[in-house]
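Visitor: I should like to go through the backbone of this model with you. Please explain each term as it arises.

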Amino acid sequence: MLPKPQKHVFVCNQVRAPGHPFGSCSEKKAEDVFMTFMAEVRARGLDGRVQVTNTGCLGGPCSMGPTVIVYPDAVKYHKVEGAADIVAIIEGHLVGGVPVERLKVPAEAWS
Ligand code: FES
């Protein structure tokens, strides 16, 4: 039986045709973001407490991806572009409980 995760991280890996007006997280190397999240969560022994899932479009802003959402907090991040951003989310938000303000999507992007 698997433990119930305390945090669930969804990483958008939506693919769209080249030149699509929305753009996509896939074209911004979101697969690397997903793999780095998995590795950094495992390196910290957070397996079971934190679940990381590769997913389709999270509702944008697609041109500002890669986009990530953390539940149950419903905090959406954009421009999650490298290991420093990922570690900041893991250590600051998933472990520390404080969302990373510099990466948060503005509240108006949810409406
Ligand atoms: S394509 Fe990633 S949020 Fe829309």
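Guide: A residue is called buried if 20 or more other C-beta atoms lie within 10 Å of its own, exposed if 12 or fewer, and partly exposed in between, with C-beta atoms placed from the backbone. This is a predicted model, in which local features need pLDDT of at least 70, side-chain atom pairs count only at pLDDT 80 or more, and totals for chains, interfaces and linings use all residues. Residues are numbered from 1 along each chain as its sequence is written.

Visitor: Why is Lys29 called partly exposed?

Guide: Lys29 has 16 C-beta neighbours inside 10 Å, a count between the limits of 12 and 20, and is therefore partly exposed.

Visitor: What is the phi of Lys29, and where does Lys29 lie?

Guide: Its phi is positive, about 65°, although Lys29 is not a glycine. Most residues other than glycine have a negative phi. Lys29 lies in the loop between strand E1 (7-12) and helix H1 (30-43); helices (H or I, at least four residues) and strands (E, at least two) are DSSP runs, numbered from the N terminus.

Visitor: Why is Lys79 called partly exposed?

Guide: Because 16 other C-beta atoms lie within 10 Å, Lys79 falls between the two limits. Lys79 has a positive phi near 55° and sits in the loop between E4 and helix H2 (83-95).

Visitor: Which peptide bond leading to Pro61 is cis?

Guide: The bond from Gly60 to Pro61 is cis, with omega near 5°. Pro61 belongs to the loop between strand E2 (50-55) and strand E3 (68-71).
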